[in-house]
Amino acid sequence: MAVSLAPDDLLRRVEGDVRRAIRRGRNGLRYAAGTDRPKVGLTPKDVVWKRDKAELWRYRSEAVQYAPPVVVVHSLVSRSYVLDLHPRNSAVRFWLEAGLDVMLLDWGVADAVEAENTLETYADHYLPEAVDAAREAAGTDDVTLLGYCFGGVLSVLSVARNPELPVRNLAVMATPVDYAGMRSLTGLIREGRLDPDELVDETGNVPPEAIANAFRLLRPTGDLASYATLWQHLWNDEYVEGYQAMAQWTRDHVPFPGATFRQTVGQLVRENALVEGTLRLGGTPVDLGAIKVPFLNVMAEHDHIVPIAAAQPLTGLVGSEDASELRLKAGHVGLVASRTAAKVTLPQIAEWIAGHSDRVGG
């Protein structure tokens, strides 16, 4: 039986539908024209260290309650502003508001100069230098390292290879270690049907288009589903603004340094050397058991890039007596940038870090 509305209620509903239709049309035209490029990475920060294209940023805060500082190590193949997408969707802002002293190690955009950078370049040189710069900037004896995706791999390698590194705590998010668990992404390369040099361009690096296409193949209908959701919310200015920021990031990959890519394919993917314990860098074996500091392995249950099977074994490979896991209901990116990240994932990460830090204020 149909429900009849009073004239005033009917008028208000019609007016609401009209306003939504107008906003949907306006936002649709703007999105199609590409005239409103979203502003990202807006949280105020200062550069406290720089080497080549790598920079260490310290985000400004007058409410630091915990020490040592948290040095977030980003991946090599994507832009770090995913951690500071939008004022209402920013892992950096959340952690600052939780009282953490947040720094971020951004690798910049690789070109021919970075083509010969190896895993050793990052684990043995850039990262230790950035750690020292972070300690000096914060006036502390050590730091907490928080690696995201491949940044987690670099963090683990750095601490394992440099046991004297002044790192109090080590946490990683969505970090691959067992590449047998990533067959959907690494299958062609793992099985030898594709030579890594076929993906390297004239600069000596893997171009961002190749990386973007690899991720797109994991979800071939992902764009269609995303557009359908956008259409449903096109009338909502706040939603569209956030959607544009995320859509920009998903298309905004950076080149992968060629030498690091060859090592990754040869040892990490094909030999699965991290799990097998056969990884050698700089002519010496890498023992993840050398990691003795408190360790947190954060995994996303709906991660289509680094599934649980690829990330979970890391917990048992480190030598830390204090080694724990967080399995969170999120996707790869949703761990740090989503409508629910501030409610579900980021608080638990901040709680672990705070619990392994010193209270200094508040």
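Student: How are α3 and α4 oriented to each other: roughly parallel or roughly perpendicular?

Tutor: Bear in mind that this is a predicted model. To judge a helix pair, look at the crossing angle of the axes; 65 to 115 degrees counts as roughly perpendicular. Here the axes of α3 and α4 come within 9 Å and cross at roughly 75°, so the two helices are roughly perpendicular to each other.

Student: Which residues meet where α3 and α4 touch?

Tutor: From α3 you get Leu-119, Glu-120, Tyr-122, Ala-123, Asp-124, Leu-127 and Pro-128. On the α4 side they meet Phe-150, Leu-154, Ser-155, Leu-157, Ser-158 and Arg-161. By class, that contact splits into 8 nonpolar, 2 polar and 3 charged residues.

Student: Is α4 mostly covered or mostly exposed?

Tutor: Mostly covered: 11 of its 12 residues are buried. Among them are Gly-151, Gly-152, Val-156 and Ala-160.

Student: What span should α4 have, and what separates its end C-alpha atoms?

Tutor: Its 12 residues, at 1.5 Å each, should span 16 Å; the end C-alpha atoms sit 17 Å apart, which agrees.

Student: Which residues touch the most other members of the largest nonpolar core?

Tutor: Trp-107, Leu-145, Phe-150, Leu-157, Leu-170 and Ile-291, in a core of 60 residues. Helix α3 gives the most to this core, with 9 residues. There's also a second, separate core of 40 residues, including Val-72, Tyr-148, Leu-326 and Leu-328.

Student: What does Leu-145 contact, beyond four places in sequence?

Tutor: Its partners include Val-71, Val-73, Leu-127, Val-131, Ser-155, Val-159 and Leu-170. Leu-127 and Ser-155 also belong to the contact of α3 with α4.

Note on methods: Residues are numbered from 1 along each chain as its sequence is written. This is a predicted model: local features need pLDDT of at least 70, side-chain atom pairs count only at pLDDT 80 or more; totals for chains, interfaces and linings use all residues. Side-chain values use heavy atoms; hydrogens and water are left out. A nonpolar core is a set of buried Ala, Val, Leu, Ile, Met, Phe, Trp, Tyr and Cys residues joined through side-chain atoms within 4.5 Å. Buried means under 20% relative accessible area, exposed over 50%, partly exposed in between (1.4 Å probe, protein chains only). Helices (H or I, at least four residues) and strands (E, at least two) are DSSP runs, numbered from the N terminus. Contact means heavy atoms within 4.5 Å. Axes are lines fitted to C-alpha atoms, for helices over the stretch in contact, and angles run from 0 to 180 degrees between N-to-C directions. Angles under 35 degrees count as roughly parallel, over 145 as roughly antiparallel, 65 to 115 as roughly perpendicular and the rest as oblique. Ala, Val, Leu, Ile, Met, Phe, Trp, Tyr, Cys and Pro count as nonpolar, Asp, Glu, Lys and Arg as charged, and the others, Gly among them, as polar. The expected span of a helix is 1.5 Å times one less than its number of residues.
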